[in-house]
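Please open the structure in a viewer and follow the stops below in order. Each stop names a selection and then describes what is found there.

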Amino acid sequence: MLARDESHLKRTPLHALHVARGGKMVPFAGYEMPVQYASGVLREHLHTRASAGLFDVSHMGQLALRPKSGQVADAALALERLVPQDIVAVAPGRQRYAQFTNEDGGLLDDLMVANFGDHLFLVVNAACKAEDEAHLRAHLSETCVVDSLADRGLIALQGPKAESVLAKFCADVTAMRFMDTGPRKVLGFDCFVSRSGYTGEDGFEISVPAEHAETLVAALLDNQDVLPIGLGARDSLRLEAGLCLYGHDIDTTTTPVEGALEWSVQKSRRTGGARAGGFPGAEKILSQFEKGASRRRVGLRPEGRAPVREGALLFADAASSDPIGKVTSGGFGPSLNAPVAMGYLPTSLSADGTQVFAEVRGQRLPLQVAAMPFVPNTYKR
């Protein structure tokens with residue numbers, strides 16, 4: 001049964017390269033993806049923090065939102081009907097983190113939105129990309145053309161040496177700052193490059209025509225500073241950086257306020273702003289901005305050495321029988337040499353330093369609520 005199921009998995013343009021380099025392939029979001037390489041998750045994680053790691057994220061969805069009027073502001077205004085972010089204010093050559101909301105204020109997906117001058121470029125999560133594309137077509141087709149860019153690969157080059165590595169093939173990247181984005185020639189190929197990522201490190205994400213993806217990645221991996229990195233280290237890196245994984249830390253039942261994502265909703269879309277509301281779930285979300293939410297996503301530091309994993313129930317003390325929350329992501333933080341986690345707690349217990357307990361294999365383990373990110377980010381601003 002497993003073999004038959006796996007035969008339906010999609011492959012990215014880099015599949016052959018992963019196999020040739022010893023990638024351990026596993027099912028993920030409908031794709032066959034490398035979870036690690038021969039060096040292992042720990043070394044891959046630490047190498048990315050110290051040097052440069054290369055990630056295949058071609059499974060993610062890439063979309064162009066093209067205004068029928070020819071005015072990119074019209075595409076931005078249209079998209080604002082689906083997200084609580086200020087898209088109009090995203091300048092050409094810049095990008096912004098956003099979320100699709102539902103009528104209950106929950107999150108259908110989180111995404112990146114870039115202004116490419118005459119259209120918007122969107123990157124959405126792999127597991128949601130078909131639904132996201134349908135959502136855009138259903139609501140915005142009167143004013144915009146939605147193009148799926150399925151003929152492109154997507155890679156991320158992350159870490160303190162990412163700039164020096166990429167600059168050998170695209171000198172322009174040295175002038176880019178965090179969240180700058182746009183078309184660039186990389187190794188002569190027509191790419192879209194953004195200075196962003198999912199690790200907390202400085203780095204870049206590069207959209208490349210699928211037929212050139214393997215050539216570009218092979219050239220980057222020829223640099224001794226670069227290692228290929230699998231899904232295992234990608235998860236531990238983003239957890240240390242306090243970044244949400246959709247479907248785990250945020251989903252259709254969590255609002256931006258509950259998810260501690262208030263920073264991502266600009267004042268222009270809040271009560272009293274120039275374009276307040278007008279997105280699905282606005283009444284609930286804006287009410288939570290005013291009055292607060294009953295629960296909140298927090299960082300958690302287990303007091304011992306044992307990792308506390310996703311799904312573990314949280315309790316106010318060592319003896320109570322009623323859970324007060326749940327861990328949504330958890331594991332070992334190699335950069336800290338200690339376990340880290342995140343989860344949801346009542347807002348009244350969400351202050352840094354608050355002690356709570358997780359139930360792990362029938363035992364109550366103490367944790368401290370802790371500020372995120374657990375590892376300081378190194379974005380080039």
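Begin by selecting strand S18, residues 355-360, together with strand S19, residues 363-370; in this predicted model the two pair in the antiparallel sense over six bridges. Within this pairing, Val360 has Gln363 of S19 as its bridge partner.

Now extend the selection to the barrel of which these strands are part. Six strands close into it in the order S14-S17-S16-S15-S18-S19, with antiparallel pairing. From one strand to the next, the twist averages 45°.

Within the barrel, display strand S17, residues 338-346. Eight of its nine residues are buried, leaving the strand mostly covered. On one pairing, strand S14 (residues 295-302) runs antiparallel to S17 and is joined to it by six bridges; here Val298 is partnered with Gly343 of S17. On another, S16 and S17 are paired in the antiparallel sense over seven bridges, and Phe332 has Pro339 of S17 as its bridge partner. S16 and S17 form a hairpin with four residues between them, and Asn337 in the turn shows a positive phi of about 55°.

Next, add helix H8, residues 231-240. The helix lies across S16 (325-333) and S17, and it runs at about 115° to S16.

From H8, follow the chain into the loop between H8 and helix H9 (282-291), and select Arg269 there. Is this residue buried or exposed? Arg269 is buried, because its relative accessible area is 2%, and the cut-off for burial is under 20%. A polar atom of the Arg269 side chain lies 2.9 Å from the backbone oxygen of Val83. Showing the surroundings of Arg269, with neighbours within four places in sequence left aside, reveals contacts that include Glu80, Val83, Pro84, Gln85 and Asp86, as well as Arg275, Phe279 and Leu286.

Turn next to the aromatic rings. The whole structure holds five aromatic pairs. One of them joins Phe116 and Phe121, stacked at 5.1 Å centre to centre with 15° between the planes. Phe116 is buried at a relative accessible area of 12%, and Phe121 also counts as buried, at 7%. Now add Phe192: its ring centre is 5.1 Å from that of Phe121 and the planes stand at 65°, so this pair is edge-to-face. The pair links distant parts of the chain, since Phe121 lies in strand S7 (residues 120-124) and Phe192 in strand S11, 71 residues apart. With all three selected, ring pairs link Phe116, Phe121 and Phe192 into a cluster.

For the last stop, display the largest nonpolar core, which has 25 residues; those touching the most other members are Leu157, Leu166, Cys191, Val193, Leu216 and Leu220. At least two residues each come from strands S3 (52-56), S9 (152-158), S11 (189-194) and S12 (203-209), and from helices H6 (162-167) and H7 (210-221). Which element supplies the largest share of this core? It is H7, with five residues. A second, separate core of 21 residues may be coloured for reference; Val72, Leu79, Leu111 and Val124 are among its members.

Finally, centre the view on Leu220. Apart from its neighbours within four places in sequence, Leu220 is in contact with Leu54, Ile155, Leu157, Val165, Leu166, Phe169 and Val226.

Definitions and conventions. Residues numbered from 1 in each chain as written. Predicted model: local features only at pLDDT ≥ 70, side-chain atom pairs only at ≥ 80, totals over all residues. Heavy atoms only, no water. Core = buried A, V, L, I, M, F, W, Y, C linked by side-chain atoms within 4.5 Å. Buried < 20%, exposed > 50% of the residue type's maximum accessible area, 1.4 Å probe, protein only. Contact = heavy atoms within 4.5 Å. Pairing = 2+ DSSP bridges. Axes fitted to C-alpha atoms, helices over the stretch in contact; angles between N-to-C directions. Polar contact = N/O pair within 3.5 Å; in protein donor to acceptor, adjacent residues only side chain to side chain. Phe/Tyr/Trp six-rings, centres within 6.5 Å; stacked < 30°, edge-to-face > 60°.
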